[in-house]
Amino acid sequence: MLIPFPTDWQTALVLVPHPDDPEYGVAAAVAKWTTAGKSVAYALASRGEAGIEGMAPAEAGPAREIEQRESARIVGVASIEFWGFPDSAIMNTVELRAAVTEVIERVRPQVIVSMYGGPGWGPDMPNQSDHIEFAAAVLQAYDALDDKPRWLFENSPEATHVEEVGDHVETAVQSLAAHRKYLSVLDPDTPVNDQARAQVEMATAAREDYDNQRVVGFELKRRSR
Ligand SMILES: [Zn+2]
């Protein structure tokens, strides 16, 4: 039985390892929340500098940061920060957990949205090591907090909660399409807007078990108070 995502909160913090992680998953929900006047902040462990084939990390990192900032602006995100951990070598270290703790204590969100940390999205869709390590760091940092945010969700294939996002799919497509350089190298044969639309439509697929509404799925991992 899927439960509607909570509405009785004002501030959310989206924690991810890479640029484009919010846009492949939760951007439509973020657009809905900011449209409703809620405040959403993004924090990214890396700049995704290993993510553009044929481009040196020193060039790709700043290029991807610029694209990510535009993606966040499109969905009304209030603040965004990049911690500079090494893309493709994210580990659940003391340093990463300290960064997670610091941003939670500074932003003081009621809702944390983290990356799916399970083994895979489907039979042929294994999760990335960076995602698994990052998600574990977020859970461990959360568990060590004295003053815990009320909810910690992962954007997960094992959804417990859903946010209905039918009115926000177009904004999410624009937000993902802002990763223009990244997507144009990833798949040179498919226009960036078409790639973005296909991905967002997959991430917001209509669910038969939820009145055929387009939703973003979240798994509740922790609850406090
Ligand atoms: Zn990622």
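How many bridges join β8 to β11, and do the strands run parallel or antiparallel? There are 5 bridges, and the two strands run antiparallel. This is a predicted model, and that strand pair is a useful way into it.

Start with β8 itself, residues 151–155. The strand is mostly covered, with 5 of its 5 residues buried. W151, F153 and N155 point one way from β8. L152 and E154 point the other way, and all of these residues are buried. β8 also pairs with strand β5, residues 111–115. Here the sense is parallel, again over 5 bridges. Two residue pairs help to fix the register. M115 has N155 in β8 as its bridge partner. F153 is matched with L220 in β11.

Now follow β11, residues 213–223, to another partner. It pairs with β9 in the antiparallel sense, over 4 bridges. The bridge partner of H161 in β11 is F218. H161 serves as a marker for the next step too. Strand β1, residues 3–4, pairs with β9, residues 161–164. That pairing is parallel and rests on 2 bridges. Within it, I3 stands opposite H161. H161 thus links two descriptions: F218 in β11 is its bridge partner, and I3 stands opposite it as well.

Next come the helices. Which residues of α2 are buried? They are A27, A28, A29, V30, A31, K32 and W33. With 7 of its 9 residues buried, α2 is largely enclosed by the rest of the structure. Just after this helix, G37 takes a positive phi of about 90 degrees.

One neighbour of α2 is α6. Two packed helices are described by the angle between their axes and the distance between the axes. The axes of α2, residues 27–35, and α6, residues 169–177, come within 8 Å. They cross at roughly 120 degrees. The two helices are therefore oblique to each other. The crossing is right-handed. On the α2 side, the contact involves A27, A28 and A31. These meet V169, T171, A172, S175 and L176 in α6. A27, A28 and A31 are also among the buried residues of α2.

Turn now to a loop. H18 lies between β2 (11–16) and α1 (21–25). Is H18 buried or exposed? H18 is buried, because 25 other C-beta atoms lie within 10 Å, and 20 or more is the cut-off for burial. Leaving aside neighbours within four places in sequence, H18 is in contact with L44, S46, G48, G51, D87 and D130. H131 can be located from H18 as well. These two residues are 113 residues apart in sequence. In space they are 8.7 Å apart, C-alpha to C-alpha.

Finally, step back to the whole chain. The secondary structure comes to 8 helices and 11 strands. Along its principal axes, the C-alpha trace spans about 50 × 45 × 35 Å. The radius of gyration is 16 Å, which agrees with the value near 17 Å for a compact globule of 225 residues. Buried residues make up 46% of the 225. Contacts are counted here at a separation of 6 or more, and 79% of them involve residues 24 or more positions apart. The pairing of β1 with β9 brings together residues 3–4 and 161–164.

Definitions and conventions
Residues are numbered from 1 along each chain as its sequence is written. This is a predicted model: local features need pLDDT of at least 70, side-chain atom pairs count only at pLDDT 80 or more; totals for chains, interfaces and linings use all residues. The radius of gyration is taken over C-alpha atoms; the globule rule is 2.2 Å times the number of residues to the power 0.38. A residue is buried if 20 or more other C-beta atoms lie within 10 Å of its own, exposed if 12 or fewer, and partly exposed in between; C-beta atoms are placed from the backbone. Two residues are in contact if their C-beta atoms, placed from the backbone, lie within 7 Å. Two strands pair if DSSP finds at least two bridges between them. Axes are lines fitted to C-alpha atoms, for helices over the stretch in contact, and angles run from 0 to 180 degrees between N-to-C directions. Angles under 35 degrees count as roughly parallel, over 145 as roughly antiparallel, 65 to 115 as roughly perpendicular and the rest as oblique. A crossing is left-handed if the near helix is turned anticlockwise from the far one by less than a right angle, and right-handed if clockwise.
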